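Please consider the following model with its sequence alongside. The explanation starts from a single pair of residues and widens to the chain as a whole before returning to individual side chains.

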Amino acid sequence: MLPLRLTLAALAVAALSACYTGSHDLLPEYAIIAPWQKITYQHLYSGEDAHVLTRDGTTYFEDMDGSQQSMRIMPVRENWYVVEIHSLANGDDAGGPYYGYVHVISDGLAEVYGTNGTAEETAPGITPCGSDACIDDISSYIAYMDQRIAGGLPSEGDYSVTLE
């Protein structure tokens with residue numbers, strides 16, 4: 001299994017106004033990993049409190065003042081992952097799926113990319129939908145992010161994570 005030390009960083013995705021999203025879940029069930037019981041993550045520079053996610057099956061959940069977020073993780077290659085996030089209210093889907101692209105730099109440190117997509121961004125497999133960028137298939141999103149990162153796209157945030 002690929003070493004994943006910080007994927008939950010992309011949970012911030014669900015709070016964004018313009019995101020990379022899809023009309024349905026795009027991560028294939030066979031590719032989902034969930035090897036930890038609990039994941040704790042915190043943005044390195046914001047001063048915000050740490051977030052704690054617990055596993056149920058192949059999905060991680062975070063309770064947040066009457067609502068919940070769920071996250072699933074798919075490895076792409078060594079140290080790179082796609083996360084798929086849903087906002088839940090009273091057990092019902094209240095938003096998502098939203099996507100993020102996570103690069104694990106070292107144990108306990110990761111960078112997050114590809115959460116702030118806008119309708120102005122179009123590429124093969126990425127189309128506008130409202131104010132968001134809709135992903136038609138996950139392979140297109142991965143190829144698009146790889147191309148943008150190779151071209152100098154800065155990370156959208158740095159996070160620390162503890163896995164148990």
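Ile126 faces Ile135, a residue of strand β10, across a strand pairing. The two partners are β9, covering residues 126-129, and β10, covering residues 132-135, and they run antiparallel with four bridges between them. Two residues separate the strands of this hairpin, and Gly130 adopts a positive phi near 65° there. These coordinates belong to a predicted model.

The wider chain can now be placed around this hairpin. One helix and eleven strands make up its secondary structure. In sequence order the elements follow the pattern β-β-β-β-β-β-β-β-β-β-α-β. Of the 164 residues, 49% are classed as buried. Among contacts with a sequence separation of 6 or more, 60% are between residues 24 or more positions apart.

How far may the coordinates be trusted? The mean pLDDT of the chain is 83, and 86% of the residues reach at least 70. For residues 1-17 the pLDDT is below 50, although the model gives this stretch 68 contacts beyond near neighbours in sequence. Where pLDDT is low, predicted coordinates should not be interpreted in detail. Helix α1, residues 138-150, has the highest confidence, with a mean of 96, whereas strand β7, residues 92-106, has the lowest, with a mean of 82.

A second antiparallel pairing joins β8 and β11 through three bridges. Within this pairing, Val112 is set opposite Gly157 of β11. Strand β8 spans residues 109-113, and four of its five residues are buried, so the rest of the structure largely encloses this strand.

Strand β11, residues 157-163, also contains Asp158. Which side chain of opposite charge is nearest to Asp158? It is Arg148, at 16 Å; Asp158 is buried yet forms no salt bridge. A salt bridge would require a side-chain nitrogen of Lys or Arg within 4 Å of a carboxyl oxygen. Asp158 does have a polar contact, with its side chain joined to that of Ser155 at 3.5 Å. Beyond neighbours within four places in sequence, the residues in contact with Asp158 are Gln42, His43, Leu44, Tyr45, Ala110 and Glu111.

Strand β3 offers two further residues for examination. His51 lies in this strand, and Asp56 belongs to β3 as well, the strand covering residues 51-56. Is each of them buried or exposed? The relative accessible area of His51 is 18%, which is under the 20% limit, so His51 counts as buried. Asp56, by contrast, has a relative accessibility of 54%; this value is over 50%, and Asp56 therefore counts as exposed.

The surroundings of His51 include two polar contacts between side chains. One joins His51 to Glu48 at 3.2 Å, and another joins His51 to Glu62 at 2.6 Å. With residues up to four places away in sequence left out, His51 touches Ile39, Thr40, Tyr41 and Glu62. Glu62 thus appears both as a polar partner of His51 and in its list of contacts. For Asp56, a separation is available in place of a contact list: Ser70 is 14 residues away in sequence, and the C-alpha atoms of the two residues are 9.8 Å apart.

Technical notes
Residues are numbered from 1 along each chain as its sequence is written. This is a predicted model: local features need pLDDT of at least 70, side-chain atom pairs count only at pLDDT 80 or more; totals for chains, interfaces and linings use all residues. Side-chain values use heavy atoms; hydrogens and water are left out. pLDDT is the predictor's confidence in each residue, from 0 to 100. Contact means heavy atoms within 4.5 Å. Two strands pair if DSSP finds at least two bridges between them. Buried means under 20% relative accessible area, exposed over 50%, partly exposed in between (1.4 Å probe, protein chains only). Lys and Arg count as positive and Asp and Glu as negative; His and the chain ends are not counted. A polar contact is a pair of N or O atoms within 3.5 Å; within protein, one must be able to donate a hydrogen and the other to accept it, and residues adjacent in sequence count only if both atoms are side-chain atoms.
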